[in-house]
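Welcome! Take a moment to look over the protein below, and then let us walk through it together.

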Amino acid sequence: MLLALWLFFATAIVPLLLLVEAPIVALAACNLVVGLGFGLFDTIWNSTVQHRIPAERVSRVSAWDWMPLGFALAGVLTETVGRSATLAGMAVATFVICVVFILDRDVRALGSELAGAASTGTGTSNYDDSPA
C-alpha cells in the first residue's frame, strides 16, 4: 500500500504541469504514474471494503468512495478565481490529502492483512461463491 500512496503523489503534480503548460510528454508520463497509483490503491481499497464491511452495507460505503465534489467545484472555481488559482489549489489540496494518507498508520497498513490471509488461506469474503 505504501508504494501506491507514494505513486499517488503524482496526482498533485498533474495540475502543476497544466499550470506551467508542460509538454504533452511530461503530462503523459506523470499520468502513467497516476494510473499505476490508482490501480494499486483502488485494488487494495476495494478488497479491504469487501472484507471489512458487512455485505448489506457495502453499497452504502461504496457510494461515498468517489464523491464527485472536485468535478462539481472545478468549473465554478475556475470561473470565480481563475484557471491558475484553481490548478494551484488542486495541487495543494491533493498534496495535503496525500500527506495525510501517508501519515496515517492504518491507511499504510491496508492490504497487509489481506495479503497475509491470502497466503494462509484464512481470508474471509462477503461474497458467496458456492455453486447455486
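## The overall pattern

Following the sequence from start to end, you meet the pattern α-α-α-α-α-α-α-α. The secondary structure amounts to 8 helices and 0 strands; here helices (H or I, at least four residues) and strands (E, at least two) are DSSP runs, numbered from the N terminus. The protein has 132 residues, of which 24% count as buried. Buried means under 20% relative accessible area, exposed means over 50%, and partly exposed lies in between (1.4 Å probe, protein chains only).

This is a predicted model, in which local features need pLDDT of at least 70 and side-chain atom pairs count only at pLDDT 80 or more, while totals for chains, interfaces and linings use all residues. Residues are numbered from 1 along each chain as its sequence is written, and side-chain values use heavy atoms, with hydrogens and water left out.

## Two helices side by side

How do helix 2 and helix 6 pack, and at what angle? Helix 2 (residues 10–19) and helix 6 (residues 83–103) meet at about 165°, and their axes are 7 Å apart. That angle makes helix 2 roughly antiparallel to helix 6. Axes are lines fitted to C-alpha atoms, for helices over the stretch in contact, and angles run from 0 to 180 degrees between N-to-C directions. Angles under 35 degrees count as roughly parallel, over 145 as roughly antiparallel, 65 to 115 as roughly perpendicular, and the rest as oblique.

## A loop residue and helix 3

After helix 2, look for E21 in the loop between helix 2 and helix 3. Its phi is near 55°, a positive value in a residue other than glycine. E21 counts as exposed because its relative accessibility is 63%.

Helix 3 (residues 24–52) holds Q50, and G35 is found in helix 3 too. G35 is partly exposed, at 39% relative accessibility, and Q50 is partly exposed, at 30%. The C-alpha atoms of G35 and A10 are separated by 9.3 Å, with their positions 25 residues apart along the chain. For Q50 and S62, 12 residues apart along the chain, the C-alpha separation is 9.7 Å.

## A closer look at V81

Where does V81 lie? V81 is part of helix 5 (residues 69–81). With 49% relative accessibility, V81 counts as partly exposed.
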